[in-house]
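Please open the model in a viewer and keep the selection panel at hand. The tour below proceeds from one selection to the next.

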Amino acid sequence: MITYNGLWRMMKERGITQYALIHTYGISPGQITRLKRNEYVSTHTIDVFCCIFNCEVGDIMEYQPDEKN
C-alpha cells in the first residue's frame, strides 16, 4: 500500500495547512481526502506537491507492504 505520511510530516514541519493547500495552491478538497485515506492520486497531483514543497516523490509517499502479504 502507498501511504502519504511523509506529506503530512512535511506539512507540519513547514507550517502549511490543508486550508493553504486548497486556497493558496489550488489543491482540491477531494484530492486531500484521497491522500488522507491513502487512496490513489494521479502522478500529476504528486508532481504538484513536489513543486510546492521542492522535494522528491519519496519525501511525500512511501510503499508499505500489506499485512495480508
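Begin by selecting Thr-3 together with its contacts: leaving aside residues up to four places away in sequence, Thr-3 touches Asn-38, Ile-60, Met-61, Glu-62 and Gln-64. The coordinates belong to a predicted model. Thr-3 is located in strand β1, which spans residues 2–3. Its relative accessibility is 2%, so Thr-3 counts as buried, the cut-off being under 20% relative accessible area.

Next, select helix α4, residues 43–53, and display the side chains of Thr-45, Ile-46, Phe-49, Cys-50, Ile-52 and Phe-53, which are the buried residues of this helix. Why do they lie on the same side of α4? Around the axis they cover an arc of only 160°, and this places them on the same side of the helix.

Keep these buried residues visible and add α1 (5–14), α2 (18–23), α3 (29–36) and α5 (57–60), the helices against which they pack. Then turn to the face of α4 directed away from its buried side, where the exposed residues Thr-43, His-44 and Cys-51 are found.

Move on to Asn-54, just after α4; here the backbone takes a positive phi of about 50°.

Finally, select Gly-26, in the loop between α2 and α3. Is Gly-26 buried or exposed? With a relative accessible area of 59%, Gly-26 is exposed, since the cut-off for that class is over 50%. To close the tour, draw a C-alpha to C-alpha distance from Gly-26 to Val-48: the two are 22 residues apart in sequence and 9.8 Å apart in space.

Key. Residues are numbered from 1 along each chain as its sequence is written. This is a predicted model: local features need pLDDT of at least 70, side-chain atom pairs count only at pLDDT 80 or more; totals for chains, interfaces and linings use all residues. Side-chain values use heavy atoms; hydrogens and water are left out. Buried means under 20% relative accessible area, exposed over 50%, partly exposed in between (1.4 Å probe, protein chains only). Helices (H or I, at least four residues) and strands (E, at least two) are DSSP runs, numbered from the N terminus. The arc is that of the directions from the helix axis to the C-beta atoms. Contact means heavy atoms within 4.5 Å.
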